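Here is an informal walk through one protein chain, with a few stops along the way. Have a look at the structure first, then read on.

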Amino acid sequence: MKKTITMVLLFTFLAMQGCHVPDVPGQGTGTPPSDSSNVAMSEEDAFAVYQPIIDGLFAVAAGNYDENNIPGGGTAMLEGNGWNDNDAMLWDAGYMIRDLSGDGIPELLIGSTAGEEYDIAAGTMIYALYTVADGQPHLTLEGAYRNAYHLQKDGSIFNHGSGGAIYAIYGIFDLTQDGTALSCRDYWFTHEKDGNFEDIRCYHNKTGEMNPDVSEELSISLDEFYEKSDALAVERQVLDLITFAEYGSVEMPYAEEPVLSAVYGSDYAGEYEAFVADDAEYAVDVVFTTDGAVRDFKVLALEVNEIADDGSMSFFFEELYFHGDLLPGLGLSVKMSLPETIPFYGISYRDNSGAERIFSVNLSGYDGSVYLTEIGGVG
């Protein structure tokens, strides 16, 4: 039996935003404001300025928002939640108010509290960063999964992104003293050489431009390029956030859900059962594990139905294998193909509330890891 589900995939690579102040109507302009009225303030006073933004993002997390009036950071929150109309964002996203630029004016950081070790967010991803300029909230940056920002342990900001198999970027940035923009410290990227897409080179500059003409070509391999990125990624700090559930005094409606993980078979040493979804030449073994009993676990085939003008994709899904209960200590290994763009396979199970939750199985364009994205479900 086939059913239809919807998932939004962001294919458009967000080219380097780090040295550009976003132009968001009502939340700052593309030009940093004057600092003539910017004076030091307490976190309590800053909260009063930021409260309309926090209230707007709380509404996004609670699923009660106007899609034509989403504050900066809300779109990334929705993306991180798989564009589902559930309230998981109340616990998986939050905010903190802290002076990150050192000018005496606390910034508002909106970020992720969620994520497992295979997830690039992993409790460190910045959805948006605001400061106060001329007495008003000013949007300094807004992140996304393919153009992500993380606060480093030394106070700098790590930015990384990808655009399919060819283009990748990462860099280190500092907040300007007034907190209204980012200043590039170092920036690395990959790019084709002289228009030859079979000849991918690595580049570096200190301006934050994805432009080989103003950059130094590096004599390093792609493996060495990504090793440098991995070394920077481990310096991310876990964000100490007030969740939107705490902000709105929302109680958890159900018992804590088991944590479901997906890893390559080569990285798994435990016991498992096996199922072959396909045995194509480049198929790999993906092992699904859980830290608590999962009911009605299924392996699904995904098929694109149509792609809308706004980038959303409609899928058919078909049950390939019913596993029943997935239990701690005994994984399920599934042999499958993992394309980087459109997922071929998914999994589903019933959560503690009895609702069916459906995930696509994806290949990360950032580090080649496997991860799950929730794409909807049928109650």
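What share of the contacts in the protein chain with a separation of 6 or more comes from residues 24 or more positions apart? The figure is 60%. Bear in mind that this is a predicted model.

## The chain as a whole

Count the secondary structure and you get five helices and 21 strands in the protein chain. The chain runs to 379 residues, with 47% of them buried.

Looking at the outside, the protein chain exposes about 17,600 Å². Carbon and sulfur atoms supply 48% of that area.

## Salt bridges across the chain

Side chains of opposite charge can pair when their charged atoms come close. Searching the whole structure turns up 10 salt bridges. Let's start with R185 and D154, whose side chains meet in one of them at 3.8 Å, N to O. This pair links distant parts of the chain, 31 residues apart: R185 belongs to strand β9, while D154 sits in the loop between β6 (147-151) and β7 (157-163). R185 is partly exposed because its relative accessibility is 34%, whereas D154 has a relative accessible area of 56% and so counts as exposed.

Another bridge pairs D296 with R350, and here the closest N and O atoms are 3.5 Å apart. D296 is in strand β16 and R350 in strand β19 (residues 345-350), so this pair ties together parts that are 54 residues apart in sequence. Both ends come out as partly exposed: D296 has 29% relative accessibility, and R350 has 28%.

## A small charged network

Which residues are linked with K193 in a network of salt bridges? They are D199, R201 and E217.

Within that group, the side chains of E217 and R201 meet at 2.3 Å, N to O. The pair links distant parts of the chain, with E217 in strand β11 (residues 216-218) and R201 in strand β10, 16 residues apart. Is E217 buried, exposed or something in between? With a relative accessible area of 32%, E217 is partly exposed. R201 is partly exposed too, at 27%.

## A lysine in strand β16

Back on strand β16 (residues 294-307), you'll find K298. Is K298 buried or exposed? Its relative accessibility is 18%, and the cut-off for buried is under 20%, so K298 counts as buried.

So who are its partners? Setting aside neighbours within four places in sequence, K298 is in contact with E319, Y321, F322, G346, I347, S348 and E356. Two of those contacts, E319 and E356, are glutamates.

## A negative patch on the surface

Next stop is the surface, where D223, E224, E227, D230 and D367 gather in a patch of negative charge. D223 is found in helix α4 (residues 222-233). Its relative accessible area is 58%, which means D223 counts as exposed.

## Two loop aspartates with positive phi

Now for some backbone geometry. D134 isn't a glycine, yet its phi is positive, at about 55°. Look for D134 in the loop between β4 (125-133) and β5 (136-142). D134 is partly exposed, because its relative accessible area is 35%.

D194 also has a positive phi, near 50°, and is likewise a residue other than glycine. D194 lies in the loop between β9 (182-193) and β10 (196-205). Is D194 buried or exposed? Its relative accessibility is 74%, so D194 counts as exposed.

## The start of strand β14

One last residue to find is E271, in strand β14 (residues 271-276). E271 is exposed, with a relative accessible area of 60%.

Which residues does E271 touch, not counting those up to four places away in sequence? They are G329, L330 and G331. Another residue to check against E271 is S333: the two are 62 residues apart in sequence, and 9.5 Å apart in space from C-alpha to C-alpha.

Definitions and conventions
Residues are numbered from 1 along each chain as its sequence is written. This is a predicted model: local features need pLDDT of at least 70, side-chain atom pairs count only at pLDDT 80 or more; totals for chains, interfaces and linings use all residues. Side-chain values use heavy atoms; hydrogens and water are left out. Patches are made of residues with over 30% relative accessible area and no salt bridge: like charges are joined within 9 Å, nonpolar side chains (Val, Leu, Ile, Met, Phe, Trp, Tyr) within 5 Å. Accessible areas come from the Shrake-Rupley method with a 1.4 Å probe; for residues, only the protein chains shown count as cover. A salt bridge is a side-chain nitrogen of Lys or Arg within 4 Å of a carboxyl oxygen of Asp or Glu. Lys and Arg count as positive and Asp and Glu as negative; His and the chain ends are not counted. The place of a charge is taken as NZ of Lys, CZ of Arg, CG of Asp or CD of Glu. Helices (H or I, at least four residues) and strands (E, at least two) are DSSP runs, numbered from the N terminus. Buried means under 20% relative accessible area, exposed over 50%, partly exposed in between (1.4 Å probe, protein chains only). Contact means heavy atoms within 4.5 Å.
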